[in-house]
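Ready for some practice in reading a protein structure? Take a look at the model below, then work through the exercises one at a time.

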Amino acid sequence: MNKEFADIKYVPIREYQYKQLFNEVQYNGKTLSESERKEFISVIDNTIAQHPEGLSLMTSILEETKEQQNEYYEIYRTVISVELFVLITMIDSMVLGKYFILADRDYDRRFMRGKLFVIFNEGFKKLYGFKEKSHQKSEWEKLNPIMKYFPEEINRQYQELTDLLEKQSNISSWWKDERNHETHLDTEKLYKSRQEEIVESKVMMDSMKLFNTLMAVSNFLGNAHACLYNFLVEKYHRGELSE
């Protein structure tokens, strides 16, 4: 432990402009060119390629610390668990978006759009929820009991994001009907839903609504993680950590 912290400085807590990630982007009628589609897929592939090690690390941490029952590790596991949900959901939404763009048959495109609607709805429902009952079971609510251990700055950011998430939960249905048709296989309604005109650019802009929301939460969790790391560094400097 001494070697780990001897030459390491504190990690700064960043002041993110969370509100910018919640700004509604209106579809302007633009159609993606072939070069833009290829660039979009390349960006997705490069982004996804950066994350598998993170998923493996998070699951390893949760497994290796599950027997540690002290307060610090309870808080740490909570943050890591929510981070894991956010990262997997972000990656899954990117993969679905990629294969929607790549689909070159009409039925395939309609199918992939439907599955995107599912993750739009389920992703936000699991992250924050739409009603009080789902709020209480959400990933975001898991963080609420541990906020008392964090500094005022983190609590302020948590409240700011809570307000933004609450507003986001009320501004649209988050494709609830489409999600129900897709998951419950209500065939007549499902068929009708899939017959809606496909506007590729709009679908991808819709996907950014969930992605940007998850990115805001990911940024916040990065700050929470930095606080936990700084706590250990501070303990080391006070001589309270040993190898």
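**Exercise 1. Is W175 buried or exposed, judging by its relative accessible area?**

Solution. Keep in mind from the start that this is a predicted model.
- Step 1: locate the residue. W175 sits in the loop between α8 and α9.
- Step 2: look up its accessibility. The relative accessible area of W175 is 14%.
- Step 3: apply the cut-off. Buried means under 20%, so W175 is buried.
- Step 4: check the backbone. The phi angle of W175 is near 55°, which is a positive value in a residue other than glycine. As a rule, most residues other than glycine have a negative phi.

**Exercise 2. Work out where L185 lies, and whether L185 is buried or exposed.**

Solution.
- Step 1: L185 belongs to the loop between α9 and α10.
- Step 2: its relative accessible area is 56%. The cut-off for exposed is over 50%, so L185 counts as exposed.
- Step 3: L185 also has a positive phi, near 50°, and is a residue other than glycine.

**Exercise 3. Describe the overall make-up of the chain.**

Solution.
- Step 1: count the elements. There are 11 helices and zero strands.
- Step 2: take the extent. Along its principal axes, the C-alpha trace spans about 65 × 40 × 35 Å.
- Step 3: ask how much is hidden. Of the 243 residues, 43% count as buried.
- Step 4: turn to contacts. Among those between residues at least 6 apart in sequence, 81% join residues at least 24 apart.

**Exercise 4. Which residues touch the most other members of the largest nonpolar core, and which helix gives the most to this core?**

Solution.
- Step 1: the largest nonpolar core has 57 residues, and V86, W140, L143, F150 and F220 touch the most other members.
- Step 2: list the contributors. Elements giving two or more residues to this core include α2 (34–49), α4 (71–102), α8 (152–170) and α11 (200–237).
- Step 3: find the top contributor. That is α4, with 16 residues.
- Step 4: zoom in on F150. Leaving aside neighbours within four places in sequence, F150 is in contact with I75, V79, N155, A224, C227 and L228.

**Exercise 5. Which residues of α2 are buried, and which are exposed on the other side?**

Solution.
- Step 1: begin with the length. α2 has 16 residues and reaches 23 Å from its first C-alpha to its last, close to the 22 Å expected at 1.5 Å a residue.
- Step 2: pick out the buried residues of α2, which are R37, I41, I44 and I48.
- Step 3: see how they are arranged. These residues cover an arc of only 60° around the axis, so they fall on the same side of α2.
- Step 4: turn to the other side of α2, where S35, K38, E39 and A49 are exposed.

**Exercise 6. Examine the salt bridges of R156, R194 and E139.**

Solution.
- Step 1: get the total. The structure holds 16 salt bridges.
- Step 2: take R156. Its salt-bridge partner is E15, with the closest N and O atoms 2.8 Å apart. The pair links distant parts of the chain: R156 is in helix α8 and E15 in the loop between α1 (2–5) and α2, 141 residues apart. R156 is partly exposed at 39% relative accessible area, and E15 is partly exposed at 44%.
- Step 3: take R194. It forms a salt bridge with E182, and the closest N and O atoms are 2.9 Å apart. R194 lies in helix α10 and E182 in helix α9, so this pair ties together parts 12 residues apart in sequence. Both R194 and E182 are buried.
- Step 4: look for sharing. Salt bridges with shared partners join E34, R37, R109 and E200 into one network.
- Step 5: take E139, which meets K126 in a salt bridge of 3.7 Å, N to O. E139 is in helix α7 and K126 in helix α5, 13 residues apart. E139 is buried at 3% relative accessible area, whereas K126 is partly exposed at 40%.

**Exercise 7. Which side chain does E139 join through a polar contact of 3.0 Å?**

Solution.
- Step 1: the partner is the side chain of K142.
- Step 2: add the surroundings. Leaving aside neighbours within four places in sequence, E139 is in contact with S81, V82, F85, K126 and L127.

Methods: Residues are numbered from 1 along each chain as its sequence is written. This is a predicted model: local features need pLDDT of at least 70, side-chain atom pairs count only at pLDDT 80 or more; totals for chains, interfaces and linings use all residues. Side-chain values use heavy atoms; hydrogens and water are left out. A nonpolar core is a set of buried Ala, Val, Leu, Ile, Met, Phe, Trp, Tyr and Cys residues joined through side-chain atoms within 4.5 Å. Buried means under 20% relative accessible area, exposed over 50%, partly exposed in between (1.4 Å probe, protein chains only). Helices (H or I, at least four residues) and strands (E, at least two) are DSSP runs, numbered from the N terminus. Contact means heavy atoms within 4.5 Å. The expected span of a helix is 1.5 Å times one less than its number of residues. The arc is that of the directions from the helix axis to the C-beta atoms. A salt bridge is a side-chain nitrogen of Lys or Arg within 4 Å of a carboxyl oxygen of Asp or Glu. A polar contact is a pair of N or O atoms within 3.5 Å; within protein, one must be able to donate a hydrogen and the other to accept it, and residues adjacent in sequence count only if both atoms are side-chain atoms.
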